[in-house]
Amino acid sequence: MARRLGALAGTLLATSFIVYGAVYLAPGSPLTAVTGGRPLPPATLHAISHEYGFDKPFIVRYWDWLTGAIHGDFGRSVVFRQDVSSLITPRIGTTAFLIAYAALLILLFGVALGLVSALHKGHPDTAILTVTSVGTAVPSIVAAIVLIWIFTLQLGWLPALGSGSGFAGQLRHLTMPAVALALSGIAYVARLTRAAANEELRREHVATARSRGIPERYVVQRHVLRNALVPITTAAGLTIAGLIAGTVVVENAFALNGLGSFLVQAVGQKDVPVVQAICLILVAAFIVVNTVVDLLYAVIDPRIGFGGGDDR
Amino acid sequence: MTEAVLAQTQRARRRAIGFPAARLGWVGMASAVVIVLLALMAVFAPLIAPMDPNSIDLLHPFAPASSQHLLGTDDTGRDIFSRLILGSRTSLLGPLLVVLLEVLVGVPIALAAAWRGGLVDGLISRVLDVLFAFPGILLAILVISLFGAGLKSAVVALAVAHMPYLARITRGAALRERRLPYVEALEVQGFSAFRISARHLVPNLLPLIVAQASVSFGYVMIDLAGLSFLGLGVQPPTADWGVMISAGQQALLGGHPQQSLYAGAMIVIAVCAFTLFGERLIDQDR
């Protein structure tokens, strides 16, 4: 446990260093990177230089930035001349809502489709296998385009753009984005669930349980699903972690007011402090989710200890 | 002992030689055919395309499909069919460059880690772990925000982000291969590590590397299309499938979904072909 958390802290430190240090790899001085090369009066340049501490050594600046970030202070936006945190905070909700919604869809439909596929051989299995094989190859932008075409233009059921207000409004506005974001994940988790369940179904303990006349429902619940849970958790966990970066594309496709669309806007405006802050938040969330998934194994499968090294 | 080693070496050889004629099943073969067709399309694009993909005809925007415009025209009257064909060039070249970079950097790193073990292995594995912590598209956006939008930045960033997968899998396979007696036999005969790796390990690992590269190609294509969609990858007016989806989005909301849907379909077909081909290769390598 301690080793896992140590690794977590180490990875977070290393990635934060990359996010911050990348600015210094860019051509030109870090000052131009921050101002985006806009012509500014010398007094302003001097003030910015002092504000970002370019007169201090790199490692000191990094440390100041990191300790600030831990306390929720990401410096000031070059474009908006506002605290980055005050710009980001209202947008976190939309992104978090979108990720949670998509994660729920993946867990529900991915596992359900996979189980149906494994337990109903023949046509249902073939149909689900075909659809999910193609489904994993559908990028979220393509899913977004098709969904907008069908549900907004043809049927007129759902709004194509905007985040909506209130819980019901958000639910309505974020349904298509969440489906677009979750689609390939649902297909992937369904395929892995099917494979894992099939593997368990072939095992002797399932045959034994069936031969003893245990009702099929209990065989599936206690013998198949329980044992298949470890690979399913791995697949679902990694997929859900992957959603975090996927929001960047989906939020732009549906013009949502979240972190991802703000990130792309900030890249366009060369607003480096905002880019750094959002990258750090998204990467940190990605790492934390991955670690949580790792820790979940031990809860699901008591045979797996913490921190055991394997060489694969 | 010697006989066993010989048999092992021959088995390993046969595995490597048998690869081109591998039994892929009909899905694998169909994927391979689609990949070849896409490659031919990209190479001969200017010959196949019936019209100039960039010639604007403002009098005929959103023209329906006809004998002149097989798939109709876009918002500025450009021929969608020709743009799709020309678009295969950047759409396939980008992922190809990324995958080549991945292999050129990832495989030597993996072999070094597997061969030297100890400190070298530990160091390489830690670096890969940190890179693993970066979602590919996020690293690409970070790099692009500093070096400017374009295919070049996107390719380098995605290669860095996707390389750890290939390296980690190759390292695992190389570790298993290294424990086989034929490697020890070659070492005893005094062959250098480089020679054994280049002449024996890499050929034996090749099916796995090709399979992983093919799967990676699919994922990279999705990421690159996403970046181009965001305006951070390939830049308009270059014909590119990701760019076409993005350019067609306004038209889509105006009731003309053709451009976006066709470009999206091309991406799905290509990604499907590459991932299914890779997966079938991995399955039959086992």
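**View 1. Chain B, a chain of helices with 48% of its residues buried.** Of the 286 residues in chain B of this predicted model, 48% count as buried. The chain has eleven helices and zero strands, so if you read along the sequence you just get α-α-α-α-α-α-α-α-α-α-α. Its C-alpha atoms fit in a box of roughly 80 × 40 × 25 Å, taken along the principal axes. Take the contacts in chain B between residues at least 6 apart in sequence: 69% of them join residues at least 24 apart.

**View 2. A close look at B:L123 in helix α5 of chain B.** Here we zoom in on a leucine, B:L123, which sits in helix α5 of chain B. Is B:L123 buried or exposed? B:L123 is exposed, because 12 other C-beta atoms lie within 10 Å of its own, and 12 or fewer counts as exposed. Another residue to find in this view is B:A113: B:L123 and B:A113 are ten residues apart in sequence, and their C-alpha atoms are 8.6 Å apart in space.

**View 3. Where chain B touches chain A.** Chain B puts 36 residues into this contact, and chain A puts in 40. On the chain B side, the elements giving two or more residues are α5 (118–132), α6 (136–147), α7 (151–178), α9 (193–229), α10 (241–253) and α11 (258–285). Which of the chain B elements gives the largest share? That would be α11(B), with nine residues. Sorted by class, the chain B side has 27 nonpolar, eight polar and one charged residues.

**View 4. Chain A, built from twelve helices.** Chain A has twelve helices and zero strands, and along the sequence the pattern runs α-α-α-α-α-α-α-α-α-α-α-α. Buried residues make up 40% of its 312 residues. The C-alpha atoms fill a box of roughly 85 × 55 × 35 Å along the principal axes. Among the chain A contacts with a separation of 6 or more, 71% come from residues 24 or more positions apart.

**View 5. Helices α5 and α10 of chain A cross.** Helix α5 (residues 84–119) and helix α10 (residues 216–253) of chain A have axes that come within 9 Å and cross at roughly 145°. The crossing of α5(A) and α10(A) is right-handed. On the α5(A) side, the residues making the contact include A:T95, A:L98, A:I99, A:A102, A:G110 and A:L119. From α10(A), look for A:V220, A:I232, A:A236, A:T239 and A:T247, among others. How do the residues of this contact divide by class? There are 14 nonpolar, four polar and no charged residues where α5(A) meets α10(A).

**View 6. The bend in α10(A).** Stay with α10(A) and follow the helix to A:L229, where α10(A) bends by about 45°. A proline, A:P231, follows within four residues of that bend. How does the span of α10(A) compare with that of a straight helix? A straight helix of 38 residues would span 56 Å at 1.5 Å a residue, whereas α10(A) spans only 45 Å between its end C-alpha atoms. Just after α10(A), check the backbone at A:A255, which takes a positive phi of about 50°.

Terms used:
Residues numbered from 1 in each chain as written. Chains lettered and ligands numbered in written order. Predicted model: local features only at pLDDT ≥ 70, side-chain atom pairs only at ≥ 80, totals over all residues. Axes fitted to C-alpha atoms, helices over the stretch in contact; angles between N-to-C directions. Left-handed = near helix turned anticlockwise from the far one by under 90°. Contact = placed C-beta atoms within 7 Å. Nonpolar A, V, L, I, M, F, W, Y, C, P; charged D, E, K, R; others polar. Buried ≥ 20, exposed ≤ 12 C-beta atoms within 10 Å, placed from the backbone. Expected span 1.5 Å × (residues − 1). Bend = angle between axes of the 7 residues up to and from the residue.
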